[in-house]
Amino acid sequence: MRTLWFLLCSLPLLAQAGPVSVISVQGTPQSGPPDAARVLRVGDKPDGPLLLRTPAGASLQIRTEDGSTLSLSEQSELSLDAGKRTLLLQSGQMALWSDQSSWDVAVAGNSLRSRGFLRLRVCGAECQGGAGVYGKADGGEVVVEYKGGRSVVRNRLFLMAPSGGRPQLLARDTGVLDSAPSFDAANAAKQKIADQLKAALDDFRQERFEAADAALKVLRRDAPGETVVVYYQGLIALQQQRNEDALRDLQQYAKEDPDGAREHDIAKLLTVLTSTELQREVQRAIAQEKDLSQQPPEPGSIAIQTFANQNAPDAAVLAKGFAAMVISDLSKVPGLKVLEREKVQKISDELRLNASGLVGADSAVRIGRLVRAERVVVGNVGVE
């Protein structure tokens, strides 16, 4: 009878939302709580979740990193997290133009998901049609979620009760919503970005890589939602033999624009770059082993080495499988950073630390120091 066994141990080693751009203002729109308000001006780039307010006579337009434009009318208040594409209209009126992304919008007990052009106004008894939340979706749709169901509204004026519930479609425009705000500033900002991108790509095609890279860096700061920018930065890094930068940029592009990455066959390029850079990184680590051994491990980090197959050739697949299961489970633990399996294995292969078919504590500690892991998980698989 053959019994499969494995030994697993963990060895301690001694020695860790997106910006918006203000594109149009009138009066003194503000950001932040009343006791620490900051007046916003054209060109400002406030970061993180924002509380926006427009006093009487003030209005505001901002452009988010995904290319959406938000307009806030006078005497309005709104909370915004552009990185998560969520907002809460607390009072007043807003208009959201999002032709590429969907936004989650909360207002007076109602939950909406919008794409296209959405106008909303929180009304009291002063409004002609009565109190409630008035809205209109143009050139897209808004999905209203309420207890017991959901409604999809396209190109219609609708009214929602302050307490939530099914929206009521209105047969006629009561005039409660202001006319659509002018998006001239937003269009001008988009056109400026388009012109800058065209000029950068012209430099790229003419092999003026330094000029193209400088222009793309500006675009990456001002228009982080333009995923094609990071793609061309990666290509320029390749041309300049900055493989580490190219790998980072192209990995980000593949994450932000999977469809574009498939179209450009980025997967093959990343495979080659990853293998090349990993080899160089491992060789650097081994060459600097003495210095690395003096550095503290990265807090919360753990390395999992492929389990050694002690005496059964037909158990080799299981040895890898056990390690993969441990990696999968530990990756779900909050506060724990599982280090790259490929790097750990490459170091082991370079040093031939498991050539004997048995992983020892000394070998595990050496690997851990080279990758600056706080803990190392090792295992041996055998058959009896």
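**A covered strand and an enclosed helix**

Strand β15, which runs over residues 301–304, is covered on both of its faces, with Ser301 and Ala303 buried on one side and Ile302 and Ile304 buried on the other. In a regular strand the side chains alternate between the two faces of the sheet. The model discussed here is a predicted one, and buried is used for a residue with under 20% relative accessible area.

The partner of β15 is strand β17, made up of residues 337–338, and the two strands pair in the parallel sense over two bridges. Within this pairing, Ile302 of β15 stands opposite Val338 in β17, while Ile302 also belongs, together with Ile304, to one of the two covered sides of β15.

Helix α3, covering residues 227–239, offers a second element to follow. Because 1.5 Å a residue is expected, its 13 residues should span 18 Å, and the end C-alpha atoms, which are 19 Å apart, agree with that expectation. Of these 13 residues 10 are buried, so α3 is largely enclosed by the rest of the structure. The buried residues are Thr227, Val229, Val230, Tyr231, Tyr232, Gln233, Gly234, Leu235, Ile236 and Ala237. An α-helix has 3.6 residues a turn, so residues three or four places apart point the same way. Just after α3, Gln241 takes a positive phi of about 60°.

These elements belong to a protein chain that contains 10 helices and 18 strands. Buried residues account for 43% of its 384 residues, and the chain exposes about 20100 Å², of which carbon and sulfur atoms supply 50%.

Terms used
Residues numbered from 1 in each chain as written. Predicted model: local features only at pLDDT ≥ 70, side-chain atom pairs only at ≥ 80, totals over all residues. Heavy atoms only, no water. Helix = DSSP H or I, 4+ residues; strand = E, 2+ residues; numbered from the N terminus. Expected span 1.5 Å × (residues − 1). Buried < 20%, exposed > 50% of the residue type's maximum accessible area, 1.4 Å probe, protein only. Pairing = 2+ DSSP bridges. Areas by Shrake-Rupley, 256 points an atom, 1.4 Å probe, with all protein chains shown as cover.
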